[in-house]
Amino acid sequence: MSSTFFVNALLLSVRLLPLMVASPILFFARIPLTIRVLLGLALAAVIASPLSTGPVPRVTVPMLAGELLLGVVMAFAFHAAHAALDLAGKLIDTQVGLNAAGVFDPGTTGMSGMVSELLTLTLAVLFVNLDLHHDLLRVFSALLAAVPPGSVSAGLLDISLTGILTRQFLLAFMLVSPVIVGLWLIDAAFAFLSRSMPQANVYFLALPVKLGMGMLLVMLALPMIVQRMPQLLEQALRFAFVPGASA
């Protein structure tokens with residue numbers, strides 16, 4: 001095999017590893033790190049095989065740093081989608097009162113709420129069920145055509161990470177806004193009730209009501225959430241191609 005293949009495989013593995021190793025997709029993040037690294041190296045070798053012709057590029061530290069930074073930018077969009085949905089679910093858990101029933105999340109090595117876990121699991125299932133992992137490989141191949149290995153420059157990465165966070169978090173909160181608004185109205189109703197009946201223990205009276213109404217609102221809004229949740233992943237795929245689109 002030619003030296004060009006090994007150099008291109010090295011550059012592509014550096015570009016691909018941030019997306020594979022630090023994947024926010026829930027079940028994929030629980031795969032052992034060694035398996036994810038080997039899978040990234042194998043994909044890089046497969047993608048680099050058609051690029052084995054031509055002169056051997058000279059590998060430098062700035063070239064490797066540029067490839068790594070491009071991979072980090074691609075992975076950032078998916079992390080923003082996952083973090084936005086996780087935060088929206090935790091907000092519902094806080095309003096309903098399910099924080100005390102949190103479960104340990106090995107992906108973040110912390111506690112995760114039940115609604116938050118439900119939303120992130122749904123996102124992971126949709127990612128595979130809608131074949132968006134195939135779309136991710138297509139985006140990576142298209143980005144490879146727009147930005148060949150070793151040609152990453154600072155000008156290609158001139159994108160607004162704040163804009164990515166803003167759009168992903170705004171879209172996630174729009175998905176769960178019916179549940180949040182409904183729970184807020186229940187809080188407002190119990191606030192008026194506590195003013196009219198100060199002798200009643202409204203706090204403990206509201207707990208089962210908020211839990212029951214919260215679960216009902218989540219079940220009613222879940223079809224709409226599932227229908228629009230792929231927009232988070234589509235936004236992430238669009239943002240992942242931004243450096244190549246600006247080339």
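L216 is partly exposed, with a relative accessible area of 38%. Here, buried means under 20% relative accessible area, exposed means over 50%, and partly exposed lies in between (1.4 Å probe, protein chains only). This is a predicted model: local features need pLDDT of at least 70, side-chain atom pairs count only at pLDDT 80 or more, and totals for chains, interfaces and linings use all residues. Residues are numbered from 1 along each chain as its sequence is written, and side-chain values use heavy atoms, with hydrogens and water left out.

**Exercise 1.** Place L216 in its helix and find the nonpolar patch on the surface that contains it.

*Solution.* Start with the helix: L216 lies in α8. Helices are DSSP runs (H or I, at least four residues), as strands are (E, at least two), numbered from the N terminus. Next, list the patch: V209, M213, L216, M219 and L220. Together they have about 460 Å² of accessible area. That area comes from the Shrake-Rupley method with a 1.4 Å probe; for residues, only the protein chains shown count as cover. Patch members have over 30% relative accessible area and no salt bridge; nonpolar side chains (Val, Leu, Ile, Met, Phe, Trp, Tyr) are joined within 5 Å, like charges within 9 Å.

**Exercise 2.** Find which residues touch the most other members of the largest nonpolar core, and which helix gives the most to it.

*Solution.* A nonpolar core is a set of buried Ala, Val, Leu, Ile, Met, Phe, Trp, Tyr and Cys residues joined through side-chain atoms within 4.5 Å. The largest has 57 residues. F78, I92, M229 and L232 touch the most other members. Helices that each supply at least two residues include α1 (3-21), α4 (61-96) and α7 (161-196). α4 gives the most, with 12 residues.

**Exercise 3.** Describe the bend, the span and the burial of α1.

*Solution.* First, the span. α1 has 19 residues and reaches 26 Å from its first C-alpha to its last, close to the 27 Å expected. The expected span is 1.5 Å times one less than the number of residues. Second, the bend: about 35 degrees at R15, with P18 following within four residues. A bend is the angle between axes fitted to the seven residues ending at a residue and the seven starting there. Third, the burial. 14 of the 19 residues are buried, so α1 is largely enclosed by the rest of the structure.

**Exercise 4.** What does R15 pair with, and how is the pair placed?

*Solution.* R15 and E67 form a salt bridge at 2.7 Å, N to O. Such a bridge needs a side-chain nitrogen of Lys or Arg within 4 Å of a carboxyl oxygen of Asp or Glu. R15 sits in α1 and E67 in α4, 52 residues apart. R15 is buried at 0%, and E67 is buried at 0% too.

The structure holds four salt bridges. Another one joins D187 and K210, with closest N and O atoms 2.9 Å apart. D187 lies in α7 and K210 in α8, so this pair ties together parts 23 residues apart in sequence. D187 is partly exposed at 29%, whereas K210 is buried at 14%.

**Exercise 5.** Locate D131 and state what is unusual about its phi.

*Solution.* D131 is in the loop between α5 and α6. Its phi is near 60 degrees, a positive value in a residue other than glycine. Most residues other than glycine have a negative phi. D131 is partly exposed, at 36%.
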